[in-house]
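User: Could you walk me through how to read a model like this one, feature by feature? I'd like the general idea each time, and then the case at hand.

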Amino acid sequence: MKSSVITFPGSNCDRDMDVALKKFGFNNKMVWHNDIELPKSDLVVLPGGFSYGDYLRCGSMASKSKIMQSVINFAKSGGLVMGICNGFQILVETGLVPGVLLRNRYLEFICKNVFVKLDSKDNSYFKNLDKDILEFHIAHNEGNYFCTKDQLKEIEDNNQIAIYYCNKEGQIEDQYNPNGSIKNIAGILNKEKNVLGMMPHPERMIDESLSGEDGSLFFKNLINNIK
Amino acid sequence: MLVNEKVAIEHGLKSDEYKKICKLLKRTPNITELGIFSAMWNEHCSYKSSRLHLKKLPTKGKKVIQGPGENAGVIDIEDGDAIVFKIESHNHPSFIEPYQGAATGVGGIMRDVFTMGARPIANLNSIHFGSPQHKKTKTLLRGVVHGIGGYGNCMGIPTIAGQTSFDSSYNGNILVNAMTLGLVKKNKIFYSKAAGLNKPVIYVGSKTGRDGIHGASMASASFDDKIEEKKPTVQVGDPFTEKLLLEACLELMAGDSIIAIQDMGAAGLTSSSIEMASKGNLGIEINLNKVPCRESKMTPYEIMLSESQERMLIVLENGKEDLAKKIFDKWNLDFAVIGKTTNSKNIELFFDNEQVANIPVNTLIENSPMYDRKWKKAKLPKKIKFKKDDYKKLKIKEVLKKILSHHNVCSKEWIWQQYDHTVMGDTIQKPGGDSGVVRVHGTNKAVAASVDSSAVYCWAHPLTGGKQVVAESWRNLISVGATPIAITNCLNFGSPENEDNMGEFVECVEGIGEASKYLNFPVVSGNVSFYNQTKEVGIKPTPSIGGVGLIKNYQNMITMNFKEINNLVLVIGKTEGHIDQSLFSRTILDEKNGPPPEVNLFNEKNNGESLLSLIGKGYIKSAHDISLGGLLTSISKMCIKGDKGIRLKKSKNLIHEIEYFFAEDQGRYIIEIKPDDLKEVSKILDKNSVHFEELGIIIEKDMFINEKTKVTIDELRSYNTNWLNKYMSS
């Protein structure tokens, strides 16, 4: 399985994602933001970080990078595109997924483990996962997902909400919402379910010495789904 | 502008220093030259009050590749790998403008590390604020934390450990010390020594602006009522540019184009060019019209003294300019050939086709002033005779609650949750433990680091305090299973011109030297920050020690959380009941006098090495050193983290229970072992003549302190975790 991770100026989880993808069997290539052509890929990842220093708005300048036209075309032709953290912010700026990401409600960067509940499993990312509640890790300043009422209705109707912040038992309540996201949303899909944007970093949870191992479950399942 | 003594004094120079400059130059300096002298001769750059004493520190060892004198220290961690590390202060700017002050402190120390070719792999910090009740404290704390996070998070370097304290002596002078560790191959370390004639001198990074002019001079003066006016001397950081600069420099360093490289830190282009020339015993010629400037009409004086951030100066091999330029173009960074090395041994500056400065390099470095300041020796305070009757009124649970929720003991999660501590995917021990630990990427090794200071002990008796901080750093590394290798120090003190403050400095340094020598824990880098005082009042002496150690197999790392029910809990090291200067004495009894606990270096070494050998044999399930707050505080933290209880045995020790639980005797650790291993562990400890006692047994929940006192883990947790959250949201 071939994957590509895009490096923008200011990306800083690109290496971590490369390590994770390779660990679980992807043949991964790093792609420079100024390139025009995307290598042949089964999965394209927009990694976390501070692309363009978060200038203007998080993700907005990266969304106009040269490579992004190819990424958008790839997504529109049904290719799998996953944006993590800053990658999610870039995805909303391209319009590939609806909504926006505002500053966290307490106006502070948060780095900690959280639990997320899977909602829709009819997509290549979460299909066949045994667990419904995963322990993931977040590290962001602007992860407060927001969209209009109409958009919300639409994404709910289309089962586009991928994961919600919850507690260990899977209860989705405001007290388990780390950043103020509308409806505790931690990640969403596009209408066609081939583009996923989420704030948590599965690549930071790929062995037991790190923050946890649920990232391993995620990647193992992902490569099996793509095969 | 005409230069005279008055102008020199306005530049922070003393009258006799100005006379010395005129004598060395055999003429009156022009304004640019005066600016250069003032930047190089201030306390911050010249170490004129401290040099004499710093010489006494042990800086060599089998594992030391590079000691003090370079951008950072370097130690050997085997297999061809090395760790580059250093701690540095950014105190003055952080008080004036906390966000930018702290952010650029973090940026500066990371640059020091990657200048040497190392990729930063971990950040730490030691931050100290005034009393929680002081009107500025909350704003400063918030600003500093946001600044540290803002810079480190954007760079993508995990912040893995730190220390925060509050004390009214910092009301007018907060401390912000930032430390970075970087990883490099031993044969790819870069130094700042220029070599060869007519080699191109390259400027890379951000453009030069008018920010930070005279920053180093500001950092070498005391504060007064008009301190807010100094805001323009605080630099403004841009972590995005630094991230690009890091990647571009490492890309260039992969080849063999660089002869010498130096970041532009304090005193910017001035100190970087002069230091490279001085180390290479060369001259340097710079055309200031070639320096990329952010603002128009900048004068030579401004260009030379700007402290704009994210800039580097490089001496390249001839003919490598195009190759280097390509890399910096790729990363969208400025690149300019601004001069060359010469054999004049002078720094010669040109602007608009005129020579605007010509100074022999040695006058700026070797001939810089060095002072043997007067200092007063501190007497060891008399021990306080505590009345046992006073203890009778105390309820243990209430005392424990007060100590666990004390602002200097309580959990600092509110702070470290704002730092990305997991990026780079190698953090295996997060903040909140004895040390932070990161794996050496792609290997089985891990590096542990901690940062410590004990201003109260140093204030009570500087010599003992200096020793204690080094010992605590050593213990924190051992507690996670790391073999301590070396330290970096950040020496924060009041005015060296005050005999008491200078005495504190001299004796703390002596204590640090003594302990690091005995423990074979040499000092490889550091910095001195004097003039941490407002008007006549200095801070408590606060040397911060950053320690680094190696764990050969990261699977053997130890954490402090209690692991398993029915395991036994032991204390290593003797509890004598030293209450003077303990948190208990200072806060519960309100007794602020007395000597700090004695540091017995033989016991420190013996206890620490014995524990390391037990860890090596696999007997230790959890460990934690005993420090501020004493034995019961340490046990509480192990319970909270492990979410397990403990039933404490009645101590056979003859001292009063209160003293047993809250004394701050040194050289002690709490360990957890399997009951079956008790015999073997006892044998080893006995053989090494290490004093130990059985404390109790791990149970499912609740802490039974004695027959009458029970505390639940939830209670312990709420004592320990609530204070800072409440304080920051009130």
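User: Let's start with bridge partners. Which residue is the bridge partner of Ala446(B) in E21(B)?

Analyst: The general idea: strands of a sheet pair through backbone hydrogen bonds, either parallel or antiparallel. In this predicted model, Ala446(B) has Ile551(B) as its bridge partner in E21(B). That pair fits into a longer run, as strand E16 (residues 446–452) of chain B and E21(B) are antiparallel and share seven bridges.

User: And how many bridges does E21(B) make with strand E17 (residues 483–492) of chain B?

Analyst: Nine, again in the antiparallel sense. To find your place along that pairing, look at Ala486(B), which sits opposite Val548(B) of E21(B).

User: What is the strand order of the whole sheet?

Analyst: Reading a sheet means listing its strands as they lie side by side. Here the order is E14-E15-E16-E21-E17-E18 in chain B, an open sheet of six strands with mixed pairing. The edges are strand E14 (427–429) and strand E18 (523–529) of chain B, each pairing on one side only. Ignoring direction, neighbouring strands are turned by 20 degrees against each other on average. At the E14(B) edge, two bridges link that strand in antiparallel fashion to strand E15 (residues 436–439) of chain B, and Thr427(B) faces Val438(B) of E15(B).

User: Which helices pack on this sheet, and which strands do they touch?

Analyst: Check the contacts, then the direction. Helix H19 (residues 462–479) of chain B touches E16, E17 and E21 of chain B, and its direction makes about 30 degrees with that of E21(B). Helix H20 (residues 499–518) of chain B touches E17, E18 and E21 of chain B, with its direction at about 175 degrees to that of E17(B).

User: Why is E21(B) described as largely enclosed by the rest of the structure?

Analyst: For burial, count neighbours: a residue is buried if 20 or more other C-beta atoms lie within 10 Å of its own. In strand E21 (residues 542–551) of chain B, 10 of the 10 residues are buried, so the strand is largely enclosed by the rest of the structure. You can check both faces: Thr542(B), Ser544(B), Gly546(B), Val548(B) and Leu550(B) point one way, while Pro543(B), Ile545(B), Gly547(B), Gly549(B) and Ile551(B) point the other, and all are buried.

User: What about backbone oddities, like phi at Leu56(A)?

Analyst: Look for positive phi outside glycine. Leu56(A) has phi near 70 degrees, and this residue lies in the loop between strand E3 (43–46) and helix H2 (66–76) of chain A. Leu56(A) counts as exposed because it has 11 C-beta neighbours inside 10 Å. Over in chain B, Asp643(B) isn't a glycine either, yet its phi is positive at about 55 degrees. Asp643(B) sits in the loop between helix H23 (630–642) and strand E24 (645–648) of chain B, and with 13 C-beta neighbours inside 10 Å it counts as partly exposed.

User: How many residues are in contact between chain A and chain B?

Analyst: For an interface, count each side, then ask who contributes. Here 22 residues of chain A contact 23 residues of chain B. On the chain A side, helix H1 (14–23), strand E6 (110–118) and strand E7 (133–140) each give two or more residues. E6(A) gives the largest share, three residues. By type, that side has 10 nonpolar, seven polar and five charged residues.

Conventions
Residues are numbered from 1 along each chain as its sequence is written. Chains are lettered from A and ligands numbered from 1 in the order in which they are written. This is a predicted model: local features need pLDDT of at least 70, side-chain atom pairs count only at pLDDT 80 or more; totals for chains, interfaces and linings use all residues. Two residues are in contact if their C-beta atoms, placed from the backbone, lie within 7 Å. Helices (H or I, at least four residues) and strands (E, at least two) are DSSP runs, numbered from the N terminus. Ala, Val, Leu, Ile, Met, Phe, Trp, Tyr, Cys and Pro count as nonpolar, Asp, Glu, Lys and Arg as charged, and the others, Gly among them, as polar. A residue is buried if 20 or more other C-beta atoms lie within 10 Å of its own, exposed if 12 or fewer, and partly exposed in between; C-beta atoms are placed from the backbone. Two strands pair if DSSP finds at least two bridges between them. Axes are lines fitted to C-alpha atoms, for helices over the stretch in contact, and angles run from 0 to 180 degrees between N-to-C directions.
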